[in-house]
Every structure is written in structure tokens, then in C-alpha cells.
Amino acid sequence: QLIANEAIGIDPAMGAANFGGNNAVIFTTISADTGITGVSGDTDATRFTNSIKASSARMSGFQVSYQHVLGETSGNTSAGRGQAYSVDYTMGKAKATYAYARRNDANGTKAWETSVAAASYDFGVARAFAGYAERQVPTANKQDIKVTFVGGSAPIGPKTTLVAQYNKIENQSGDAGKDANTYSAGALYALSKRTTVYGLVGLSIVTGK
């Protein structure tokens, strides 16, 4: 799992892959016609393979993690290589996290980079969070975006949790200058410690500059 997208307080509501979740939003492009469309083209955008990860012990609330992705091209160690790191601070019911990741393409040049900063607080009856993320793709069409997000989760019983999230997406690329707002909400039900079923609804609204 890519460090910059782990559920370490950054995305407690919608999860990694669901509509409105940070991974899905950060690694999508904005289309002038349909708003949010498919992933940016890097199949490893939200998950690294052939990687090594190390995390420090938590000291005074802080924990640092680093992940190195090995290139898989013989004779070119830069091709496909990637790095990611995060700094997490947890104290009581409060949590703050900064994470960064980048990946090279098959030629050994930077394909994309993303950074996320977020904080959350557990009030007991609900957990609220907010954050900011950026993605940069140094290509002709760039595909750069900035995302501001807020949301929360609230348990309503021993097995059921309500979730909601809002994302304000600013398109920094040349796709007709379109931005977007996404709204998502749903409920999760824990069948067991390892199995959860859920229902979600979402809405994406494309706006002009």
C-alpha cells in the first residue's frame, strides 16, 4: 500500500477506493464533458508493487515512515522507481498527517507526485477531519489538481457507521478550465472483524472557473 494513501487519519470516511475517497479523487483527471473520469494512467498510482517500507517507533506522538519502490527494468535503476514518506502525529483523540509520494515512468523521469496534509479529531459521537492534497503530472497536459476535503464518520451502533465527505477539486491543467465538487455519503455495516458491507451515494458537479 502506498504510504501517501494509507488510512492513517487522512481518509477515515470514504476509504481508499470508494466514490469521493481521496485516492479516487487525487488520481483522477477532470474532463470538460463528464467531470471526474478514470485514473491518471499509472496503474500503480494508489498502490506500489516491489517496494520496501520501514516505520519508526512512535515517540512523543510522532511516527515516520518511508517506502522505496525498486525499478524493474534491467540496466536502468531509475525506470519505474518511486519513493514515499509520511510523518504522523497522534496524541489522544487528535491526529495530523503529512504524506508525499512520487513515481518515475519507464524512461526514468518523474511521472507524477502527490502530497497530502490532513488532520482529524475523534469527538466520541463522531470523527471529523479536513485536509488538502495536490497532484502534479509533468506532461504536456499536466493533469495537475488541488483538492480540499472535509468529512466525518459517526458510529450509530456496535456495527454500523455513517460516513460523509466533500471534495473541492481545482483543475490546474488545460482541460477547458473545469473544476468540480464531489459529495458522497453512506453507511458501513460490519459483518465481522474482516468483512464489511456498505452502501454509498455520490454526486459530482463540474463547474467553470
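User: Which side chain meets that of Asp88 in a salt bridge, and at what distance from N to O?

Analyst: A salt bridge is counted when a side-chain nitrogen of Lys or Arg lies within 4 Å of a carboxyl oxygen of Asp or Glu. Here the partner is Arg58, whose side chain meets that of Asp88 at 2.9 Å, N to O. Please keep in mind that this is a predicted model, in which local features need pLDDT of at least 70 and side-chain atom pairs count only at pLDDT 80 or more, whereas totals for chains, interfaces and linings use all residues. Residues are numbered from 1 along each chain as its sequence is written, and side-chain values use heavy atoms, with hydrogens and water left out.

User: Which parts does the pair of Asp88 and Arg58 tie together?

Analyst: Helices (H or I, at least four residues) and strands (E, at least two) are DSSP runs, numbered from the N terminus. Asp88 belongs to strand E5 (residues 82-91) while Arg58 sits in the loop between E3 and E4, so the salt bridge ties together parts that are 30 residues apart in sequence.

User: How many salt bridges are found in the whole structure, and which residues are linked in a network?

Analyst: The search finds three. Asp88 also forms a salt bridge with Lys95, where the closest N and O atoms are 3.4 Å apart, and Arg58, Asp88 and Lys95 are thereby linked in a network. Elsewhere, the side chains of Lys110 and Glu113 meet at 3.1 Å, N to O.

User: Is Asp88 buried or exposed?

Analyst: Buried means under 20% relative accessible area, exposed means over 50%, and partly exposed lies in between (1.4 Å probe, protein chains only). Asp88 has a relative accessible area of 3% and is buried, and Lys95, at 18%, counts as buried too, whereas Arg58 is partly exposed at 39%. In the pair of Lys110 and Glu113, Lys110 counts as partly exposed at 31% relative accessibility, while Glu113 counts as buried at 15%. Of the 209 residues of the chain, 37% count as buried.

User: What does the secondary structure of the chain come to, and in what order do the strands of the open sheet stand?

Analyst: The chain has one helix and 12 strands, with the helix standing ahead of the strands in the pattern read along the sequence. Two strands pair if DSSP finds at least two bridges between them. In this model 10 strands form an open sheet with antiparallel pairing, in the order E3-E4-E5-E6-E7-E8-E9-E10-E11-E12. Strand E3 (51-55) and strand E12 (196-207) stand at the edges with a single partner strand each, so one side of each is left without a neighbour in the sheet. From one strand to the next the twist averages 10°, where axes are lines fitted to C-alpha atoms (for helices over the stretch in contact) and angles run from 0 to 180 degrees between N-to-C directions.

User: Where can individual bridges be followed, for instance the bridge partner of Ala118 in E8?

Analyst: That partner is Gly131, and strands E7 (residues 110-122) and E8 (residues 127-136) pair in the antiparallel sense over 10 bridges. E7 and E8 form a hairpin with four residues between them, and Gly124 in the turn has a positive phi of about 95°. E8 also pairs in the antiparallel sense with strand E9 (residues 145-155), over nine bridges, and in E9 the bridge partner of Gly131 is Phe149. Towards the E3 edge, five bridges join E3 to strand E4 (residues 62-69), which run antiparallel, and Ala54 stands opposite Tyr66 in E4.

User: Which residues make the largest nonpolar core?

Analyst: In soluble globular proteins, nonpolar side chains tend to be buried together. A nonpolar core is a set of buried Ala, Val, Leu, Ile, Met, Phe, Trp, Tyr and Cys residues joined through side-chain atoms within 4.5 Å. The largest one here has nine residues, namely Val116, Ala118, Phe129, Ala133, Ile145, Val147, Phe149, Ile169 and Ala180. E7, E8 and E9 each supply at least two residues of this core, and E9 gives the most, with three. Apart from this core lies another, of five residues, including Ala84, Ala111, Trp112 and Val137.
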